[in-house]
Amino acid sequence: MRKVIRKGVPVLAFATLLTMTACSFGSNESTNEMDTPPTNYVEEGESLELEDGTGEKEPDEAPDEEEAIGESTKREIYLIDANGLVVPQTLELPKTQSVLKQSLEYLVDGGPVTDMLPNGFRAVIPAGTEVDVDLKDGMAIADFSNEFKSYDPSQERQILEAITYTLTQFENVDSVQIRINGHKQDMMPVSGTPIGEGVSRANGINIEAGDVIDVVNSKGVTLYFLAQNGDNTYYVPVTRRVSLGEDALTASVKELLKGPSLQSNLLTDFRQGVTLIDEPMYENGMVTLNFNESILTQLQSTAVSSEIMDMLALTLTEQEGVEKVAIQVNGETNVLTESGEVAEPVTRPSLVNTGRY
């Protein structure tokens, strides 16, 4: 039985992962059960199977691209979990010509997402809110009806983050502007969270201050930890501030090894004592990480877990230019995975938390 660690507290046992209700970030039904969370990373030389089943990359989808009605496709929808964190979930949605508008509609409480919500998750936009979206020069202009103003003030930042990350999953959307009844909002309407000319993923998600107080001389790195709700385990992005002068790759790994905040209820699969022996090496889109033997947690501590590979791939590919992650142990490249095979460089999964257990 795999162990998932919460830094600073006793080790927690992983429960057997079952199919999530409505199957988060995936199809509505799943019959396979494993004792691991989703592990959809792609080994070098392989391609992630896309919607046409060919394994070939489809053209980047534009919001005005015509799609066949009656078919379905997978979209990332950012919801709020039981811990109050914003989490991507992959849902099977009907194909439509208005993909941006549809994505927002699935964020509305009581809307079409209702019967698809995984256990412990909820939609972020107040019930009854009507939405519309326009795209201009890479900015998604999200327009809401007056009902949008009725949210809990304590959830304002999460709502803004969920809207931003849901819309910026599309490659032609760089930032998001908020309007209410056509009127541009320089700040969120309830508690005044700044929006300015627009927000993007650079603003972060589930932001932690960490030990850095000087915001001006710090930058954000986004890390991926684990969360567990009953039998369901999933990946959660967290943005943490680090020193502005610190190398982003080194800082990302170091912060990942520190583990999640004790106040977050998040988990990690890294054991105490895991350290980087060398600075990360970057070449041609690939980052190589050399760890000590403490990173080996599977097969009687001779192999690296798939959770660790996922956490590293998700975290480091947040950095511009990083496409693949390879690991070494004490300089050796023939590191085993829990299946007993040599760990190949991995890429970021195209969709996170698919619910295919």
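This is a short walk through one protein chain, from its overall make-up to a few local details.

Hi everyone, and thanks for having me. One thing before we start: this is a predicted model, so please hear everything with that in mind.

Let's begin with the whole chain. The protein chain has 357 residues, and 52% of them count as buried. Its secondary structure comes to 4 helices and 17 strands. If we take the contacts with a separation of 6 or more, 65% of them join residues 24 or more positions apart. For the surface people in the room, the accessible area is about 16100 Å², and carbon and sulfur atoms hold 46% of that.

Now to a sheet. Four strands, in the order S6-S7-S8-S9, make an open sheet with mixed pairing. Which strands stand at its edges? They are S6 and S9, the latter being residues 183-184; each has a single partner strand, so one side of each is left without a neighbour in the sheet.

Let's zoom in on S6, residues 131-136, and S7, residues 139-144. These two run antiparallel to each other, with 6 bridges between them. Along the pair, Asp134 faces Ile141 in S7, and Lys136 faces Met139. The hairpin has 2 residues between its strands, and there Asp137 adopts a positive phi near 50°.

Just ahead of S6 we meet Glu130, in the loop that follows helix H1, residues 99-105. Is Glu130 buried or exposed? Its relative accessible area is 59%, and the cut-off for exposed is over 50%, so Glu130 counts as exposed. Beyond its neighbours within four places in sequence, Glu130 touches Asp143, Phe144 and Ser145. Its C-alpha atom lies 8.1 Å from that of Phe148, which is 18 residues away along the chain.

That brings us to the rings. There are 4 aromatic pairs in the structure. One of them is Phe144 with Phe148, a stacked pair at 4.3 Å centre to centre with 10° between the planes. Both of these phenylalanines are buried. Ring pairs also bring in Tyr151, giving a cluster of Phe144, Phe148 and Tyr151.

Phe148 shows up again in the core. In soluble globular proteins, nonpolar side chains tend to be buried together. Here the largest nonpolar core has 84 residues, and Phe148 and Ile163 have the most contacts inside it. Helix H4 supplies the largest share of this core, with 7 residues. Setting aside neighbours within four places in sequence, the contacts of Phe148 include Ile125, Pro126, Ile159, Ile163, Met188 and Pro189.

My last stop is helix H3, residues 248-258. Why call H3 largely enclosed by the rest of the structure? Because 9 of its 11 residues are buried. Among the buried ones are Leu249, Val253, Leu256 and Leu257, but also Thr250, Ser252 and Glu255. And what covers them? The cover includes strands S10, S11, S12 and S13, together with helix H4, the helix we just met in the core.

Both ends of H3 have a detail to point out. At the start, a side-chain oxygen of Asp247 comes to within 3.3 Å of the backbone nitrogen of Leu249. Just after the helix, Gly259 has a positive phi of about 90°.

That's my tour. Happy to rotate the model and take questions!

Note on methods
Residues numbered from 1 in each chain as written. Predicted model: local features only at pLDDT ≥ 70, side-chain atom pairs only at ≥ 80, totals over all residues. Heavy atoms only, no water. Buried < 20%, exposed > 50% of the residue type's maximum accessible area, 1.4 Å probe, protein only. Contact = heavy atoms within 4.5 Å. Areas by Shrake-Rupley, 256 points an atom, 1.4 Å probe, with all protein chains shown as cover. Pairing = 2+ DSSP bridges. Polar contact = N/O pair within 3.5 Å; in protein donor to acceptor, adjacent residues only side chain to side chain. Core = buried A, V, L, I, M, F, W, Y, C linked by side-chain atoms within 4.5 Å. Phe/Tyr/Trp six-rings, centres within 6.5 Å; stacked < 30°, edge-to-face > 60°.
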